[in-house]
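Q: Could you take a close look at how one pair of helices packs together here, and then walk me outwards from there?

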Amino acid sequence: SSLAPLCGCCAAIVVNLSAFFPTGTMCFVSRRRVGPVTFARPLRLMAKILVIDDEEDMRLLMCAILARGQHEADAASDGETALTMLTASRYDLILCDVSMRGMNGYTLLSRVRALPESAHTPVVLVTGMADLKGMREGMKLGADDYLPKPFTVTELLSVVHTRLDKA
């Protein structure tokens, strides 16, 4: 991925204005010209993420956090709906609850890995029961990561960015 120049005052991405100003860059946030700029972190492009959880509040929360993180989030309330969405559209990442009514997260993960459209899409299992046996089962089925509930905004976005960087 390409590297983004960061403003020294607020860490916002800056615009190269070398054709107009001798200092060369301007901060998007503070609108101030800034001096020498370091290229400190990769520029993340918006990702399309599928959130699968049978609890509406959790789906809405994760989608809101992802939207604030500049990602496009679609949501499914069950495994069958998720599989339909995965065959109709391409996703960069899947966040899937383990304990769902009907098809649980492990069964859904097996089915996701069997679909040509999503076989290589990173999957993060989200669970309130992060026990070692369950984690091993998920990894054996092809999970790329785990996110235990409850989680913070920072933890969710960190897992998302880590998986997107490795994809």
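A: Let's start with H1 and H5: these two helices are roughly perpendicular to each other, because their angle falls in the right band (under 35 degrees counts as roughly parallel, over 145 as roughly antiparallel, 65 to 115 as roughly perpendicular, and the rest as oblique). Helix H5 covers residues 153–166, and it packs against H1 at an angle of about 70°, with the axes 10 Å apart. Axes here are lines fitted to C-alpha atoms, for helices over the stretch in contact, and angles run from 0 to 180 degrees between N-to-C directions. Helices are DSSP runs of H or I with at least four residues, strands are E runs of at least two, and both are numbered from the N terminus.

Before going further, a word on the model. It is a predicted one, where local features need pLDDT of at least 70, side-chain atom pairs count only at pLDDT 80 or more, and totals for chains, interfaces and linings use all residues. Residues are numbered from 1 along each chain as its sequence is written, and side-chain values use heavy atoms, with hydrogens and water left out.

Back to the pair. H1 and H5 make a right-handed crossing; that is, the near helix is turned clockwise from the far one by less than a right angle, while anticlockwise would be left-handed. On the H1 side you'll find Met62, Ile65 and Leu66, and they meet Val153, Leu156, Leu157 and Val160 of H5, contact being heavy atoms within 4.5 Å. Sort those contact residues by class and you get seven nonpolar, no polar and no charged. For that sorting, Ala, Val, Leu, Ile, Met, Phe, Trp, Tyr, Cys and Pro count as nonpolar, Asp, Glu, Lys and Arg as charged, and the others, Gly among them, as polar.

The loop between S10 and H5 holds proline 150. The peptide bond leading into proline 150 from lysine 149 is cis, with omega near -5°. In the loop between H1 and S7 sits glutamine 70, which has a positive phi of about 70° although it is not a glycine.

Now for the sheet. It is an open one of five strands, paired in parallel and ordered S7-S6-S8-S9-S10 (two strands pair if DSSP finds at least two bridges between them). The edges are taken by S7 (72–76) and S10 (145–148); each has a single partner strand, so one side of each is left without a neighbour in the sheet. From one strand to the next, the twist averages 20°. Within the sheet, S6 (residues 48–52) and S8 (residues 93–97) run parallel and are joined by four bridges, and isoleucine 49 stands opposite leucine 93 in S8. H1 (residues 56–68) packs on this sheet, where it touches S6, S7, S8 and S9 (123–127), and its direction makes about 170° with that of S7.

There are other helix pairs to look at too. The axes of H2 and H3 come within 10 Å and cross at roughly 20°, so these two are roughly parallel to each other. Their crossing is right-handed. Gly79, Glu80, Ala82, Leu83 and Leu86 of H2 meet Leu108, Arg111 and Val112 of H3, and that contact has five nonpolar, one polar and two charged residues. Glutamate 80 and arginine 111 also form a salt bridge, with their closest N and O atoms 3.2 Å apart; the rule is a side-chain nitrogen of Lys or Arg within 4 Å of a carboxyl oxygen of Asp or Glu. This pair links distant parts of the chain, 31 residues apart, with glutamate 80 in H2 (residues 79–88) and arginine 111 in H3. By that rule the count comes to eight salt bridges.

H3 (residues 105–114) also packs with H4 (residues 132–141), at an angle of about 15° and with axes 9 Å apart.
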